[in-house]
Amino acid sequence: MNQLIHLTGLTQSELISFSEELAEPAYRGRQVFAALHQRRLRTFGEMTELPKELRAELNERATAASLSVESRYLSDDGARRYLMKTHDNLPVETVFIPEDQRDTICFSSQSGCPLQCSFCLTAQLGLLRSLSAGEIVEQIIIALNDAYGVSVKPPHGVNLVGMGAGEPFLAFESLMKALRIMAAPEGLHIVPNRVTVSTAGIVPRIRELATIPDRPHLAVSIAAPTDEQRNVLMPINKKWPLNELLDACKEFEQSLKRGERLTFEYVMLEDVNDSDEHARQLANLLNRHELRAKVNLIPHNPADPLPYRPSSPQRVKGFRAILESKGIHAFVRRPRGRDIFAACGQLAARLDTNLTEPISESARMN
Ligand code: SAH
């Protein structure tokens, strides 16, 4: 398996070169690309438009299924969490979130995560490794196939968020390549404008992203209004403190399109970072940097054994009101999939047999 080429991670032009290496005409490469990304097939056997010999050769040299789904969990609110394994047996988690207008898929960029955010369960895994472009794209294909059926076009399009396990900006090359592959009209056709990537604050990459013409939207996890507190909650702050981070965000704002806004995510931890004073400090900090961003308030999702509780709804409301009174637009993020450990910060490869529904069942559901 290790030596097999993962075709899902090739761009269309790379697939054309690959088929030429096999002494096949260029259009075979295009056919394979469409089969992989437009029809979302994960076996070459199903690609009956290809000659039998080519299918056999592909089976020998390549794969379109480097991830396998170990378990699937269904939340009472309709969210689905997939626990997958890579070819080298590392956990990858993806969450499908149905919404009224359009559905969202939350993908992972790393197996585990090297950042030691104190409120996030994924941190406990440490970094296993960054995912490849193909592994990022395949997560989306698996979730789409399960939600709508193989080859069925999403009825109202989908949004993607890079908010699963890992730090997307530490898997920057893979992420950008995955976005290019997914944007292709001959394939999934999910354009960067439908994608939001969340970072804990890898400053050089924020600057780099701003220079990329077809870039996704950006969200920045802030979690605390002072360096003193952010150093504790998000140790990456010691490397890139708030002033540097917000300077980079200000620079990023120059690249915003009309109607586009930068988002800050603020996890709300009861009695830790949720006082009126914290709200005022946060508003002043953003205003001092003249950021026209919006803030998403995320009540902490319980994640045993982490020593935090979510702020109460009244506290969140009070916090939000202070931000609004100082001209900062703030929204409260409704938690999804908490019961199946699918919500923000709960992804830690949790295998719970009580929650498991065999994946084979999913085929019947569609
Ligand atoms: N590493 C990236 C993306 C993954 S985290 C980042 O830090 O942005 C996605 C969001 O979930 C972040 O905003 C993070 O602050 C938040 N989060 C982490 N653990 C959480 C928890 N237990 N409850 C609520 N939100 C959490």
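The lining of the second largest pocket comprises seven nonpolar, six polar and four charged residues; here Ala, Val, Leu, Ile, Met, Phe, Trp, Tyr, Cys and Pro count as nonpolar, Asp, Glu, Lys and Arg as charged, and the others, Gly among them, as polar. The model is predicted: local features need pLDDT of at least 70, side-chain atom pairs count only at pLDDT 80 or more, and totals for chains, interfaces and linings use all residues. Residues are numbered from 1 along each chain as its sequence is written, and side-chain values use heavy atoms, with hydrogens and water left out.

Of the 17 residues that line this second largest pocket, Lys153, Pro154, Gly187, Leu188 and His189 lie nearest its centre. Its volume is about 310 Å³.

The ligand has 19 residues around it (a heavy atom within 4 Å). Phe119, Ser198, Ser221, His300 and Asn301 come nearest. By class, this shell holds nine nonpolar, eight polar and two charged residues.

Polar contacts (pairs of N or O atoms within 3.5 Å) also involve the ligand. A polar side-chain atom of Ser221 is 2.6 Å from a ligand oxygen atom. Two ligand contacts use backbone atoms: a polar one of Asn301 lies 2.8 Å from a nitrogen atom of the ligand, and a backbone N or O atom of Gly166 lies 3.0 Å from a ligand nitrogen atom. The protein covers 96% of the 540 Å² of accessible area that the ligand has on its own (Shrake-Rupley method, 1.4 Å probe). Strands (DSSP runs of E, at least two residues, numbered from the N terminus) contribute to the shell: β10 (195-199), β12 (263-268) and β13 (294-299) each give two or more residues.

Conventions. Polar contact = N/O pair within 3.5 Å; in protein donor to acceptor, adjacent residues only side chain to side chain. Helix = DSSP H or I, 4+ residues; strand = E, 2+ residues; numbered from the N terminus. 1 Å grid on protein atoms, 1.4 Å probe; cavity = no way out; pocket = protein on both sides within 12 Å on 5 of 7 lines; lining within 4 Å. Points joined across faces, edges and corners; volume = space filled by probe spheres on them.
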